[in-house]
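Student: I have a new structure open and I'd like to learn how to read it. Could you take me through it, one feature at a time?

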Amino acid sequence: MELTDFRALVDSRTTLEAGTDAHRFMFESSQRALGITARLNAAHAPEEIRSLLSELTGQDLPESVNLFPPFYSEFGRNTHLGEGVFINMGCMFQDAGGIWIGDRSLIGHSAVLTTLNHSTDPQHRGDMIPAPIRIGADVWLGARVTVVPGVTIGDGAIVGAGSVVTKDVPARSVAVGVPARVIREV
């Protein structure tokens, strides 16, 4: 399977059945990602970190993108970062289903972005159901925020530290809690 074929599958939200070519491709990609993140997490210079992050994502990243290791990703090649994105220490991106982060967004310490669910049927628990995360421009995710599959966070929104985002967050709003709920506008 090729990356473009895999991305087409996850973009269509097709269930990735355990034991299929797509499932194997995901596993092989995770081995690649683990090797790159190990090198990235040992790096210190911003240019080296950005270079390894570019290798992980398979994209030329803007010089304005910054990341403080450690950083973890199980796939890597379905993360898309805009200008001026900052990712703080300890973040985990499960990006096989697709993560898009808009310009100038800030991702706080130990944030978890996850784009895959397992089947609820015990006989098919190994199946994966992809759903992308879309984070707009100028968003701020506080420390230890978790964003679950299929969520969109609008431009200029703020998500408070420790929140679990299970539903879309409108643009220019503040959401907090478990599950996160909108408490006011920015």
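Tutor: Let's start with a term. A residue is buried under 20% relative accessible area, exposed over 50%, and partly exposed in between (1.4 Å probe, protein chains only). By that scale, Arg144 counts as exposed, at 59% relative accessibility. Arg13, at a relative accessible area of 45%, is partly exposed.

Student: What should I know about the model itself?

Tutor: It's a predicted model: local features need pLDDT of at least 70, side-chain atom pairs count only at pLDDT 80 or more, and totals for chains, interfaces and linings use all residues. Residues are numbered from 1 along each chain as its sequence is written, and side-chain values use heavy atoms, with hydrogens and water left out.

Student: How many helices and strands does the protein have?

Tutor: Helices (H or I, at least four residues) and strands (E, at least two) are DSSP runs, numbered from the N terminus. Here you'll find three helices and 18 strands. The radius of gyration is 16 Å, close to the 16 Å that the globule rule gives for 186 residues, so the protein is as compact as a globular protein of that length. That radius is taken over C-alpha atoms, and the rule is 2.2 Å times the number of residues to the power 0.38. Along the principal axes, the C-alpha atoms fill a box of roughly 45 × 40 × 25 Å. As for burial, 47% of the 186 residues count as buried.

Student: Now the sheet. In what order do its strands come?

Tutor: The general idea: strands of a sheet pair through backbone hydrogen bonds, either parallel or antiparallel. For our purposes, two strands pair if DSSP finds at least two bridges between them. In this protein, seven strands form an open sheet in the order S1-S4-S7-S12-S15-S17-S18, with mixed pairing. S1 (66–67) and S18 stand at the edges with a single partner strand each, so one side of each is left without a neighbour in the sheet.

Student: Which strands run parallel?

Tutor: One example is S4 (residues 86–87) with S7 (residues 106–107), joined by two bridges. Look for Phe86, whose bridge partner in S7 is Leu106. For the antiparallel sense, go to S17 (residues 173–176) and S18 (residues 181–185), which pair over four bridges. There, Val176 has Arg181 in S18 as its bridge partner. S17 and S18 form a hairpin with four residues between them, and Gly177 in the turn has a positive phi of about 105°.

Student: Where do I find residues other than glycine with a positive phi, such as Arg13?

Tutor: Most residues other than glycine have a negative phi, and most peptide bonds are trans. Arg13 goes the other way, with phi near 60°, and is found in the loop between helix H1 (3–11) and helix H2 (21–42). Arg144 also has a positive phi, of about 60°; look in the loop between strand S12 (140–141) and strand S13 (146–147).

Student: And which residues does a cis peptide bond join?

Tutor: Val178 and Pro179 are joined by one, with omega about -10°. Pro179 sits in the loop between S17 and S18. The bond from Pro69 to Pro70 is cis too, with omega near 5°, and Pro70 belongs to the loop between S1 and strand S2 (71–73).
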